[in-house]
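User: I would like to learn how to read a structural model, starting with a helix and then moving on to other features. Could you take me through one?

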Amino acid sequence: MPTSVEMYDEAIQLQEAGQIEAAIEKLRQLLEQDPQYALAHAALSVFYGKLAKYDEAVHHAQKVCELEPEDPFSYVALSLICQKAGRLSQAEHAMFQARQVQIAQYRKQISQQR
């Protein structure tokens, strides 16, 4: 059985070859094997967004935020896909969360320097 990393790499190769549906299927198989693989959720969010399947895209972007709550980029990505989906209040909230994570990281860095 291929590893999660190998399956992810295969999915990216499929997407780069223009086979986005096959890439999505590969990522779905990966998540059956490893549901906590954040990169797979992130890629699915992007791929579904390209297909204008915004409910699925938002779902996977939210999952990335659950799995990587201290990564402000996860919230920025969620905000962007929510904007594309026309979910402006969700987009604003996600951007607010990104700022909160950045502020928390800054405060932690400052306290460690003291």
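Analyst: Let us begin with how one helix meets the others, keeping in mind that this is a predicted model. The buried residues of α3 pack against α1, α2 (20-33), α4 and α5.

User: Which residues of α3 are buried?

Analyst: As a general idea, an α-helix has 3.6 residues a turn, so residues three or four places apart point the same way. In this structure the buried residues of α3 are Ala38, Ala40, His41, Ala43, Leu44, Ser45, Phe47, Tyr48 and Gly49. The helix itself has 13 residues, and the distance from its first C-alpha to its last is 19 Å, close to the 18 Å expected at 1.5 Å a residue.

User: What follows α3, and what is the sign of phi there?

Analyst: Here one looks at the backbone angle and at the type of residue together. α3 is followed by Ala52, which lies in the loop between α3 and α4, and its phi is near 60°, a positive value in a residue other than glycine.

User: Is Ala52 buried, partly exposed or exposed?

Analyst: The general idea is to compare the relative accessible area with two cut-offs, since buried means under 20% and exposed means over 50%, with partly exposed in between. Ala52 is at 47% relative accessibility, and therefore counts as partly exposed.

User: How would the same reading go for Ser4, and with what does its side chain make a polar contact?

Analyst: Ser4 lies in helix α1 (residues 4-16), and it counts as buried because its relative accessible area is 11%, which falls under the 20% cut-off. Its side chain makes a polar contact with the side chain of Asp34, at 3.1 Å. If neighbours within four places in sequence are left aside, Ser4 is in contact with Leu30, Gln33, Asp34 and Tyr37.

User: Turning to pockets, which elements line the largest pocket, and what is its volume?

Analyst: For a pocket, one can ask in turn about its volume, its lining and the classes of residue that face it. The largest pocket has a volume of about 380 Å³ and is lined by 18 residues, of which Ala42, Ser45, Val46, Phe73 and Ala77 lie nearest its centre. The elements that each give two or more residues to this lining are α3 (38-50), α4 (54-67) and α5 (72-84), and the largest share, seven residues, comes from α3.

User: How many residues of each class does that lining have?

Analyst: The lining of the largest pocket has 12 nonpolar, three polar and three charged residues.

Note on methods. Residues numbered from 1 in each chain as written. Predicted model: local features only at pLDDT ≥ 70, side-chain atom pairs only at ≥ 80, totals over all residues. Heavy atoms only, no water. 1 Å grid on protein atoms, 1.4 Å probe; cavity = no way out; pocket = protein on both sides within 12 Å on 5 of 7 lines; lining within 4 Å. Points joined across faces, edges and corners; volume = space filled by probe spheres on them. Helix = DSSP H or I, 4+ residues; strand = E, 2+ residues; numbered from the N terminus. Nonpolar A, V, L, I, M, F, W, Y, C, P; charged D, E, K, R; others polar. Buried < 20%, exposed > 50% of the residue type's maximum accessible area, 1.4 Å probe, protein only. Polar contact = N/O pair within 3.5 Å; in protein donor to acceptor, adjacent residues only side chain to side chain. Contact = heavy atoms within 4.5 Å. Expected span 1.5 Å × (residues − 1).
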